[in-house]
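Q: I've got a protein model open and I'd like to learn how to read its cysteines and one of its helices. Can you walk me through it?

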Number of protein chains: 2
Amino acid sequence: MALPDPARLSLNTATVKKQWTLAQAIEGCARHGIRGIAPWRDKLAGLGVKEAAKLIRDNGLKVTGLCRGGMFPAVERRGRQAALDDNLRAIDAAATLGARCLVLVVGGLPAGSKDLGGVREMVRDGIGEILDRARSAGVPLAIEPLHPMYCAERACVNTMAHALELCDELDPGKGGALGVAVDVYHVWWDPDLRRHIERAGDKRLLAFHVCDWLVPTTDFINDRGMMGDGVIDLPLIRSWMEHAGYRGSHEVEIFSAKNWWKREPDEVLGVIKRRHQEYC
Amino acid sequence: MALPDPARLSLNTATVKKQWTLAQAIEGCARHGIRGIAPWRDKLAGLGVKEAAKLIRDNGLKVTGLCRGGMFPAVERRGRQAALDDNLRAIDAAATLGARCLVLVVGGLPAGSKDLGGVREMVRDGIGEILDRARSAGVPLAIEPLHPMYCAERACVNTMAHALELCDELDPGKGGALGVAVDVYHVWWDPDLRRHIERAGDKRLLAFHVCDWLVPTTDFINDRGMMGDGVIDLPLIRSWMEHAGYRGSHEVEIFSAKNWWKREPDEVLGVIKRRHQEYC
């Protein structure tokens, strides 16, 4: 298949979060000819949303996603309301940035709860509550199914199938306001991945995140690999995405305490550009 | 719902593998009134299969499963043949023990491979190769879907759905020679778990393994929790198993380097008996 289009490369700022501020990451992307960026809200708060939007625009970048909304479940109603309020602020920020989507990491079991079914209902209800605002703001919501190993603590939506069921229920018309973020790290193992990507289709494939699964993996969160260093067949999954109509970015998101977060970030961006061509 | 029947409790010897030999585990179960045991083959080799079978019988225990066969994939044909030969030996050992099933941990990606689809075909073919022997030996094969976090290194069958598809393909008559081992640690997160347990039904539900998922979990393999110490709703899953017709054992399998493997094993068995009643 064809090499990946370099113009689709995007940097999720988590990849250099220990080294760079958001302003430095924006300028780094521009310097390296990386045309997309996906900021996290903690860094965004540091720079200011309007200032960030201007700096991104001035540097000719597009925002391939804002990380993140979600985290809906809470035992108390007040906690759930606070989460909704925070999601509305995230939608506003994403709109100001002109982000392609707001990524939703939906949240896991609140402390003390074993009621996975009930928590999943909270997630569905939470997304339902914010969907109108997202629609009117022109910010699609991208449910990111997280690897099942994060079910308890981070996200109780762990498969493409589940994420797409939520889309079908909450946005049956496939209007484009609700879809999925496909991160290879979370879904590469799924024997039905191809079918679910196809089922999602162009309208619901809102983001494509790449990295690699290392063997062995030594930390549950911060031991992701650079593309090519692990076992994920990235060109195969990209081909499924493209066959389903996806024409968006290839966003590189690597949490790596022991390797990439320790390197000089300009070196990291150089490696990303090469690996994108060689292994994606 | 009714409390779990104490007579269904079984000890997977991995739970005390650092402390006890197989002979000690057999005698420990008898001493504590635990009526089932599931040995691992490394310990079995130490005692001898016939000697183990006799000691288990003399102590009035039943063997709820033998761990483990599987590990089918290999790049070279010779490696795959060696795996098949080893599985045939495991079937013979399971028959000698009168084991309820041989648990299959099917294997992951061979070193250097990213061909997950191809490796899954090797697994299907491997199970197909040994099924006749298992059937004639009267040893049901229990495919154990492992948590997706083990996909690369241990088992590329990671969901009940996938395991049951293999059953449908290889044993369409549901003759009882092929089924699944349901280990809550591996499948608790699955939003379709109830449906798949129901679909499996009595004929294919060959084993039920219990432990708990700790929050946080700090090691990919050896940080399982004792029932009640984590977030899994064990009575709910047990109710699904029983509703589907399962009348087998509740086998306790806990890999725990920092806790249970460090305790006095008679204490561990006492805790297991109480927690089985309180939390399963």
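A: Sure, and keep in mind that this is a predicted model. Let's start with the sulfur of A:C156: the closest cysteine sulfur, in A:C151, is 6.1 Å away, so the two are too far apart for a bond. For a disulfide, the sulfur atoms would have to be within 2.5 Å.

Q: What about B:C151, and which cysteine sulfur is nearest to it?

A: That of B:C156, at 6.1 Å, and B:C151 is in no disulfide. Over all chains, the count comes to 0 disulfides.

Q: Are A:C156 and B:C151 buried or exposed?

A: Buried means under 20% relative accessible area. A:C156 has 1% relative accessibility, so it counts as buried. B:C151 is buried too, with a relative accessible area of 0%.

Q: Now the helix. Which residues of helix α9 of chain A are buried?

A: Helix α9 covers residues 234-243, and its buried residues are A:L234, A:I237, A:R238, A:W240 and A:M241. Look down the axis of α9(A): these buried residues fall within an arc of 155°, so they line one face of the helix.

Q: What do the buried residues of α9(A) pack against?

A: Several elements of chain A, including β7 (178-183), α8 (193-204), β8 (205-210) and α10 (265-279).

Q: And what caps the N-terminal end of α9(A)?

A: That's A:D233: one of its side-chain oxygens lies 3.2 Å from the backbone nitrogen of A:L236. Past the helix, look for A:G245, which follows α9(A) and has a positive phi, near 105°.

Note on methods. Residues are numbered from 1 along each chain as its sequence is written. Chains are lettered from A and ligands numbered from 1 in the order in which they are written. This is a predicted model: local features need pLDDT of at least 70, side-chain atom pairs count only at pLDDT 80 or more; totals for chains, interfaces and linings use all residues. Side-chain values use heavy atoms; hydrogens and water are left out. Buried means under 20% relative accessible area, exposed over 50%, partly exposed in between (1.4 Å probe, protein chains only). Helices (H or I, at least four residues) and strands (E, at least two) are DSSP runs, numbered from the N terminus. The arc is that of the directions from the helix axis to the C-beta atoms. Contact means heavy atoms within 4.5 Å. A polar contact is a pair of N or O atoms within 3.5 Å; within protein, one must be able to donate a hydrogen and the other to accept it, and residues adjacent in sequence count only if both atoms are side-chain atoms.
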